[in-house]
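Me: I would like to go through this model in questions and answers, with the reasoning behind each answer set out. Please begin with the helix that the rest of the fold surrounds, if there is one, and go on to the contacts between side chains.

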Amino acid sequence: MSVWSRSISHYCLMALAAPLVLSIPALAQNPQQPPPQAQAQPDQQPLNQQQLQQLVAPIALYPDALLAQVLTASTYPLEVTLAARWAEKNPNVKGEALEAAMQKEPWDPSVKGLTSVPQVLAMMNEKLDWTAQLGEAFLAQPNDVQTAVQTLRKQAETTGNLKSGKEQKVSRIPAPQGTGYAGPAEYIVIEPLQPDYVYVPVYDPVVVYGPGYWPPAYTPFFWRPSWWVAGPVIAFGTAAFVGPALWYRYNWGHPGFGAIQTNTVLYSRFNRVAVAPGAAQAWRFNAAHRNTQFKNTSLQRQFGSVGTRNLQGVQTLRGPQTGTQLGKGAQGVQGIQSNKNIQGIKTSNTTHIQNNKTIQTNRTVQTNKTIQTNKNIQGNRVKTTNRVQAVNAGAGNKAAGNRNAGKVKKHP
């Protein structure tokens with residue numbers, strides 16, 4: 001399992017294990033022992049152009065609006081996984097029905113919009129390490145990412161593999177003046193022929209950018225959707241109806257996040273909110289939707305420990321119990337919203353925890369002769385060697401008709 005996947009899985013396991021951990025008496029600690037001093041970490045070294053081109057190569061030839069939304073959504077990798085699983089389970093929800101469904105989800109709007117293009121979400125979920133790295137690179141080096149994309153577009157055009165067709169329009173625009181961004185004299189723009197429909201290009205970066213372009217250490221990945229078969233250098237599947245779901249545009253030649261502009265009309269339609277009409281607004285990162293720690297030390301200092309402040313974002317995770325790696329089937333986690341009032345399986349305000357055996361921690365224990373702790377949380381065996389606090393073994397147990405509610409079955 002990769003570093004990024006372990007990092008994201010770590011927070012899910014923390015959320016699952018919290019009730020069990022809190023039920024065990026705390027070990028004695030030395031009150032005189034001072035906390036360890038935090039050591040200052042050096043600034044993260046910026047990625048060079050070869051590294052950035054390797055990251056953006058699979059999406060550099062996407063239409064501008066889709067490219068911009070992928071970059072912004074990649075800054076929230078856990079929510080991308082949640083959205084990808086939702087899209088997989090709801091393949092026929094589109095148009096206004098999709099807009100209505102997204103109002104019920106707590107994800108960042110950029111992630112919600114990508115549910116209109118499930119093929120892209122599937123790739124981002126399957127390549128979760130790449131998604132997380134892409135998001136950090138975009139946050140830390142937006143100007144360099146813009147340069148890398150344009151360099152690759154020019155290379156693909158030089159090889160004859162990027163051109164207009166029935167799926168898209170490829171054109172050039174002059175660089176704006178006085179923006180403070182030193183880029184090329186002109187920029188390559190990719191737009192869909194019909195604004196409400198987007199064709200997602202599928203291509204092998206090694207082929208499309210030309211043989212010999214990539215040094216062996218920087219070869220990008222080639223992701224193939226289920227419908228892909230060997231054929232043209234750039235293949236297109238069925239057009240995806242996006243409507244107002246892709247509301248960003250790439251404002252080429254503008255520095256920082258000013259390069260990602262929000263179409264407030266489309267944003268308002270999809271998210272069903274009232275946004276004052278007017279000039280497009282620059283994209284802003286919302287740390288509240290970031291549920292995983294940054295690897296980039298500069299981003300850690302800039303945004304703080306965002307990986308620990310939003311564990312309730314895990315509550316909508318669904319998936320088969322096949323392991324702990326997000327993107328490849330993590331066990332569903334529901335109802336763990338905070339560490340408040342969690343004391344073993346004590347009757348309190350603790351929200352219910354769904355394991356293999358349903359244990360409802362309301363006022364009574366229902367129809368359970370024994371309270372069984374789950375032996376398999378995210379594929380890990382949990383041994384209950386300490387006594388879990390009795391669940392009000394008095395009247396509450398009798399009300400449930402349970403004679404053994406004050407006992408805990410120990411697993412070998």
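Reply: In H8, the buried residues include Trp 130, Leu 134 and Phe 138. This is a predicted model, and the values discussed here are computed from it.

Me: How many of the 13 residues of H8 are buried?

Reply: Helix H8 covers residues 128-140 and reaches 18 Å from its first C-alpha to its last, close to the 18 Å expected at 1.5 Å a residue. Its buried residues include Leu 128, Thr 131 and Glu 136. The helix is largely enclosed by the rest of the structure, because the number of its 13 residues that are buried is 10.

Me: Which residues do salt bridges that share partners join into one network?

Reply: Side chains of opposite charge can pair when their charged atoms come close. Arg 172 forms a salt bridge with Glu 157, with the closest N and O atoms 2.3 Å apart, and the side chains of Glu 186 and Arg 172 meet in a salt bridge at 2.9 Å, N to O. Glu 186 lies in strand S2 (residues 186-192) and Arg 172 in strand S1, so this pair ties together parts that are 14 residues apart in sequence. Salt bridges that share partners thus join into one network Glu 157, Arg 172 and Glu 186.

Me: Is Glu 99 buried or exposed?

Reply: The side chains of Arg 272 and Glu 99 meet in a salt bridge (3.9 Å, N to O). Because Arg 272 lies in the loop between helix H11 (264-271) and strand S9 (281-282) and Glu 99 in helix H5 (residues 95-102), the pair ties together parts that are 173 residues apart in sequence. Arg 272 is partly exposed, with a relative accessible area of 46%. Glu 99 has a relative accessible area of 10%, and since the cut-off for burial is under 20%, Glu 99 is buried.

Me: What is the geometry of the aromatic pair formed by Tyr 197 and Phe 241?

Reply: The structure holds 19 aromatic pairs. In the pair of Tyr 197 and Phe 241, the rings lie 5.3 Å centre to centre with 65° between the planes, and the pair links distant parts of the chain, with Tyr 197 in strand S3 (residues 197-198) and Phe 241 in strand S6 (residues 240-241), 44 residues apart. Because planes over 60 degrees apart count as edge-to-face, this pair is edge-to-face.

Me: What is the relative accessible area of Tyr 209?

Reply: The rings of Tyr 203 and Tyr 209 have their centres 6.2 Å apart and their planes at 90°, so the pair is edge-to-face. Tyr 203 counts as buried at 5% relative accessibility. Tyr 209 is buried too, and its relative accessible area is 0%.

Me: Over the ring of which residue does the charged end of Lys 127 sit?

Reply: The charged end of Lys 127 lies 5.1 Å from the centre of the ring. A charge sits over a ring if NZ of Lys is within 6 Å of the ring centre and within 35 degrees of the ring normal. The residue whose ring carries this charge over it is Phe 221.

Me: Which residues form a nonpolar patch on the surface with about 190 Å² of accessible area together?

Reply: One member, Val 233, has its place in the loop between helix H10 (205-208) and strand S5 (234-236), and at 32% relative accessibility Val 233 counts as partly exposed. The patch is made up of Val 206, Val 207 and Val 233.

Technical notes
Residues are numbered from 1 along each chain as its sequence is written. This is a predicted model: local features need pLDDT of at least 70, side-chain atom pairs count only at pLDDT 80 or more; totals for chains, interfaces and linings use all residues. Side-chain values use heavy atoms; hydrogens and water are left out. Patches are made of residues with over 30% relative accessible area and no salt bridge: like charges are joined within 9 Å, nonpolar side chains (Val, Leu, Ile, Met, Phe, Trp, Tyr) within 5 Å. Accessible areas come from the Shrake-Rupley method with a 1.4 Å probe; for residues, only the protein chains shown count as cover. A salt bridge is a side-chain nitrogen of Lys or Arg within 4 Å of a carboxyl oxygen of Asp or Glu. Helices (H or I, at least four residues) and strands (E, at least two) are DSSP runs, numbered from the N terminus. Buried means under 20% relative accessible area, exposed over 50%, partly exposed in between (1.4 Å probe, protein chains only). The expected span of a helix is 1.5 Å times one less than its number of residues. Rings of Phe, Tyr and Trp (its six-membered ring) pair if their centres lie within 6.5 Å; planes under 30 degrees apart count as stacked, over 60 as edge-to-face and the rest as tilted.
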